[in-house]
Amino acid sequence: FDIITTDKDEEEYKAKYFRDIQPAIDRIELYPEINTSISELSKLCNMSESSFRRKFKQYTNGISPVNYRNRIRIMKAEELCYNSSYTIEEAAMKLGFCDAAHLCRLYKQFTGKT
């Protein structure tokens with residue numbers, strides 16, 4: 001028999017199985033502009049760095065913590081530029097990018113668009 005899972009089932013599974021890395025996920029999602037190191041994130045979760053990396057990649061289907069943070073930063077930059085009066089430069093500075101060119105490079109890398 002095939003077991004059919006719903007999105008709710010998957011969310012409950014993730015919430016239970018990945019509970020120990022939730023502090024790091026929360027930190028990344030709440031403060032994407034802060035460049036929190038893997039060491040700091042793993043300490044938040046009381047895990048070794050290698051265990052943290054492995055579990056984090058399981059949670060995100062293979063995305064590293066740095067790329068996860070960058071994806072969130074790109075999404076927030078897109079929101080700021082489209083839904084407010086922020087310029088690309090202002091959004092880049094607000095979200096912790098080195099400069100607008102850095103934001104544009106990562107945006108193209110993640111979205112394929114300029």
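**Core packing and helix contacts in the predicted model**

Leu 44 is partly exposed, its relative accessible area being 34%. In this predicted model, Leu 44 belongs to helix H3. Outside the residues up to four places away in sequence, Leu 44 touches Pro 23, Ala 24 and Arg 27. Its C-alpha atom is separated by 8.2 Å from that of Ile 21, 23 residues apart along the chain.

Ile 21 is also a member of the largest nonpolar core, which holds 15 residues. Together with Phe 52, Phe 56 and Tyr 68, Ile 21 touches the most other members of this core. At least two residues of the core come from each of helix H2 (22-30), helix H3 (38-44), helix H4 (49-59) and H5. The neighbours of Phe 52, with residues up to four places away in sequence not counted, are Ile 21, Ala 24, Ile 38, Leu 41, Ser 42, Cys 45, Met 47 and Pro 65. Ala 24 is thus named among the contacts of Leu 44 and among those of Phe 52. A second core, separate from this one, comprises 10 residues, including Ala 92, Leu 95, Phe 97 and Leu 103.

Helix H5 (residues 65-83) and helix H7 (residues 100-111) have axes that come within 10 Å and cross at roughly 105°. H5 is therefore roughly perpendicular to H7. On the H5 side, the contact involves Asn 67, Asn 70, Arg 71, Arg 73, Ile 74, Ala 77, Glu 78 and Tyr 82. H7 contributes His 102, Leu 103, Leu 106, Tyr 107, Phe 110 and Thr 111. By residue class, the contact of H5 with H7 comprises 7 nonpolar, 4 polar and 3 charged residues.

Methods. Residues are numbered from 1 along each chain as its sequence is written. This is a predicted model: local features need pLDDT of at least 70, side-chain atom pairs count only at pLDDT 80 or more; totals for chains, interfaces and linings use all residues. Side-chain values use heavy atoms; hydrogens and water are left out. Axes are lines fitted to C-alpha atoms, for helices over the stretch in contact, and angles run from 0 to 180 degrees between N-to-C directions. Helices (H or I, at least four residues) and strands (E, at least two) are DSSP runs, numbered from the N terminus. Angles under 35 degrees count as roughly parallel, over 145 as roughly antiparallel, 65 to 115 as roughly perpendicular and the rest as oblique. Contact means heavy atoms within 4.5 Å. Ala, Val, Leu, Ile, Met, Phe, Trp, Tyr, Cys and Pro count as nonpolar, Asp, Glu, Lys and Arg as charged, and the others, Gly among them, as polar. A nonpolar core is a set of buried Ala, Val, Leu, Ile, Met, Phe, Trp, Tyr and Cys residues joined through side-chain atoms within 4.5 Å. Buried means under 20% relative accessible area, exposed over 50%, partly exposed in between (1.4 Å probe, protein chains only).
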